[in-house]
Amino acid sequence: MTASPVAAPLYTCPMHPQVRQTRPGPCPICGMALEPVTATATDPSAADPELADMTRRFRIAAALGGPVVVLAMGGHLAGPAAWLPERTSAAIQFVLSTPVVLWAGLPIFQRGWTSVRSGHLNMFTLIALGTSAAYGYSVLALLAPGLFPAEARSMGGAVPVYFEAASMIVALVLLGQALELRARAQTGGALRALLDLTPRTAQRWIEGRPDEAVPLDAVRVGDRLRVRPGDTVPVDGEIVEGRSDLDESLITGESLPVARTVGAAVVAGAINGSGAFVMRADRVGSDTLLAQIVRMVGEAQRSRAPIQALADRVSGAFVPAVIGAALLAALAWAWLGPAPRLGHALLAGVSVLIVACPCALGLATPLSIRVGVGRGARAGLLIRNAEALERLDRVDTLVVDKTGTLTEGRPAVIAVDVAPGFDADTVLRLAASLERSSGHPLAQAVLRAAADRHLSLAEASRFDSPAGRGVTGEVEGRRVAVGNADFIREQGAATGIFDDRAQTLGAQGATALFISLDGTPAGLLGVADPIKATTPAALKALKAQGLRVVMMTGDHRVAADAVARTLGLDAAEADILPAGKAERVRRMRAEGRVVAMVGDGVNDAPALAAADVGVAMGAGADVALESAGITLLGGDLMGLVRARALSRAVMRNIRENLAFAFVYNAAAAPIAAGALYPAFHILLSPQIAAGAMALSSLSVIGNALRLRTLDLPGGGGDGGGGDLRAKPVPPSR
């Protein structure tokens with residue numbers, strides 16, 4: 001069978017997903033860097049040329065811009081800058097700042113021009129405009145000072161220059177771009193790591209011939225593949241020979257292996273247990289379920305608008321208004337103003353542009369976010385997506401995974417029942433001695449229960465472990481069997497004495513392990529996954545805030561219903577695969593709900609990315625952490641209560657900052673245009689305009705720093721939870 005032709009890679013814009021190109025480059029609409037539509041399992045250490053370019057430009061801008069700032073401060077400092085003549089200092093600043101603006105800042109101007117040409121005005125437009133105004137005015141002031149009126153001159157007679165403002169704007173914007181590209185590269189690395197969960201090769205089986213190791217991309221639909229003990233399933237398919245227990249937590253999120261035999265479906269990425277089997281390849285390459293998960297995560301991530309969307313929407317009206325005001329001011333002075341009219345016109349127009357420079361507007365959102373993220377980190381909250389923090393307070397529906405989110409994610413023995421004449425410690429000790437030879441998670445639960453009781457284990461012999469049924473062997477001369485009811489009955493022991501108890505445990509969703517000694521029913525163990533101690537209090541607090549809580553799990557219905565009853569959830573859905581979780585989340589959003597999804601497994605990643613807010617548990621899979629905007633480092637839902645409080649405080653702070661920025665612009669722009677000149681002969685110089693701009697920025701900075709002392713519920717960072725006892729819920733077989 002010949003291979004299908006490989007489709008050319010596609011690139012898209014994070015802000016405009018409709019853009020599709022076959023080569024990387026800037027977005028034709030907004031100028032942002034395009035990113036691959038589909039992640040590939042390429043070398044994650046491969047360099048990102050754009051990240052390297054932005055980093056290099058930032059370093060050069062910072063190195064040259066630093067001395068410009070020192071020279072601009074002049075008399076405020078000791079040293080050579082204090083006694084340099086103004087024109088000499090301005091000339092040096094010109095030499096140093098020119099490569100910063102014209103070379104290092106070239107991508108900023110290119111993107112700003114692209115946004116103007118496409119009609120989608122954004123932050124790049126504002127930044128390019130402010131930088132051009134500051135630099136252009138300064139060059140003119142240095143080379144043609146005679147154009148400027150006396151009001152624009154300093155005590156020494158020179159016209160002030162603003163090369164330092166242009167240089168620092170360029171340097172800071174480049175730093176922000178480099179940080180954004182680095183974050184995007186890390187997200188791509190997580191998707192590549194997910195693809196790496198599949199092996200590089202597969203063992204092709206052909207009857208009558210030795211197994212052949214072939215590259216994974218050489219596997220074709222219909223091939224027979226051998227999967228050995230401990231191997232990872234290479235592609236999706238069906239078992240045609242053999243049987244084994246498979247760890248499918250990659251897909252279902254459940255920690256317990258499941259028995260698979262002839263006719264059962266297996267998925268790429270599942271880890272084989274102690275058995276071996278031959279499978280038929282049914283879906284390969286990009287058609288496997290794992291590849292679909294990767295694709296869904298990438299698409300859902302790109303469907304989110306960046307946090308700058310709000311500022312860009314404001315800029316769409318703000319930039320034309322500022323340009324119009326500057327032009328009107330310049331025309332009015334050129335037509336009606338006193339001599340020298342051209343100098344007054346230039347002074348007024350540039351003053352308007354400088355006072356309306358978007359520094360405060362640009363700081364308003366990211367600075368509050370930055371301080372809020374730092375406060376969140378101290379409270380055990382890792383904020384990876386600023387937009388998630390913005391949306392979290394508006395959430396009205398909370399979707400939660402079960403295993404590892406509501407529960408501990410590790411099975412534990414919750415009940416030990418014995419038949420008359422048997423001692424509980426003895427029965428548990430013999431069962432644990434036998435289970436010590438098994439690697440099954442249920443066996444580990446039995447061993448932990450024995451360790452909790454400080455029981456000394458013995459050596460087992462003649463050990464056997466039929467896949468998915470139980471274990472048998474001899475311990476201290478006694479024939480011991482542990483497993484399900486059918487398995488124990490096959491060992492010659494009647495289970496009737498424990499049937500009612502097993503039924504009760506089953507109704508609660510717990511797994512019942514029967515124990516027989518020498519063919520006699522001796523005991524029954526109930527194994528379940530305990531609810532985290534902090535879960536009930538956290539859910540109570542969240543429901544008190546009006547949230548509707550829905551659980552979605554890949555576990556079976558009985559287990560899901562048991563958790564829902566215990567915690568008083570509004571709804572519970574079971575037996576849901578990753579695509580189903582994501583689809584249900586999208587359906588809720590289409591109904592007008594604002595949805596937060598909390599999970600910890602690879603299977604939760606598509607739903608985390610599809611939700612308005614994705615929240616990952618700190619101990620979860622890497623791809624879940626990368627797909628989520630917020631990670632609860634403490635691993636419990638009390639962190640979500642703190643995160644909502646943080647979200648409310650940060651968004652309030654951002655609105656205050658935006659108000660500060662616009663109040664200054666609204667008050668200073670008319671003065672800069674010359675509104676006070678007819679009555680008071682007051683003309684706002686660019687120097688005063690820059691001071692007003694700086695004061696606006698300082699107000700924003702001071703207000704944002706208040707978030708550092710924000711008091712959050714639940715102790716701020718201790719994980720919360722109190723001393724509630726863990727309640728058991730079932731694991732999945």
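**View 1. Helix 19 lies across four strands of the predicted model****.** In this predicted model, helix 19, which spans residues 578–590, lies across strand 12 (397–400), strand 19 (548–552), strand 20 and strand 21 (595–599). The helix runs at about 160° to strand 19.

**View 2. An open sheet is built from 7 strands****.** The strands follow the order 11-23-22-21-12-19-20, and their pairing is mixed. Strand 11 (381–383) and strand 20 (571–573) each have a single partner strand and stand at the edges, so one side of each is left without a neighbour in the sheet. On average, and with direction ignored, neighbouring strands of this sheet are turned by 20° against each other. At one of the edges, strand 11 pairs with strand 23 (residues 630–632) in the antiparallel sense over 3 bridges, and here Leu382 stands opposite Thr631 of strand 23.

**View 3. Helix 22 lies across strands and contributes to a nonpolar core****.** Helix 22, made of residues 638–673, lies across strand 11, strand 12, strand 21, strand 22 (613–617) and strand 23, and runs at about 50° to strand 11. The largest nonpolar core has 54 residues, and those with the most contacts inside this core are Leu398 and Leu406. Helix 22 gives the most to this core, with 11 residues. When residues up to four places away in sequence are not counted, the residues that Leu406 touches include Val400, Ile531, Met551, Val563 and Leu637. Another core, of 24 residues, lies apart from the largest one, and among its members are Leu430, Leu447, Val475 and Val527.

**View 4. Tyr135 and Phe163 form an edge-to-face aromatic pair****.** The ring centres lie 5.9 Å apart, with 65° between the planes. This pair links distant parts of the chain, since Tyr135 belongs to helix 5 (residues 123–143) and Phe163 to helix 6 (residues 163–195), 28 residues apart. Tyr135 counts as buried because its relative accessibility is 12%, with the cut-off for buried being under 20%, and Phe163 is buried with a relative accessible area of 0%. Together with Phe94, these two residues form one aromatic cluster.

**View 5. Trp333 and Tyr677 link distant parts of the chain****.** Their ring centres are 4.9 Å apart and their planes stand at 70°, so the pair is edge-to-face. Trp333 sits in helix 9 (residues 309–336) and Tyr677 in helix 23 (residues 677–680), 344 residues apart. Both Trp333 and Tyr677 are buried.

**View 6. The charged end of Arg57 sits over the ring of Trp103****.** This charged end is 4.6 Å from the centre of the Trp103 ring.

Terms used. Residues numbered from 1 in each chain as written. Predicted model: local features only at pLDDT ≥ 70, side-chain atom pairs only at ≥ 80, totals over all residues. Heavy atoms only, no water. Pairing = 2+ DSSP bridges. Helix = DSSP H or I, 4+ residues; strand = E, 2+ residues; numbered from the N terminus. Axes fitted to C-alpha atoms, helices over the stretch in contact; angles between N-to-C directions. Contact = heavy atoms within 4.5 Å. Core = buried A, V, L, I, M, F, W, Y, C linked by side-chain atoms within 4.5 Å. Buried < 20%, exposed > 50% of the residue type's maximum accessible area, 1.4 Å probe, protein only. Phe/Tyr/Trp six-rings, centres within 6.5 Å; stacked < 30°, edge-to-face > 60°. Lys NZ or Arg CZ within 6 Å of the ring centre and 35° of its normal.
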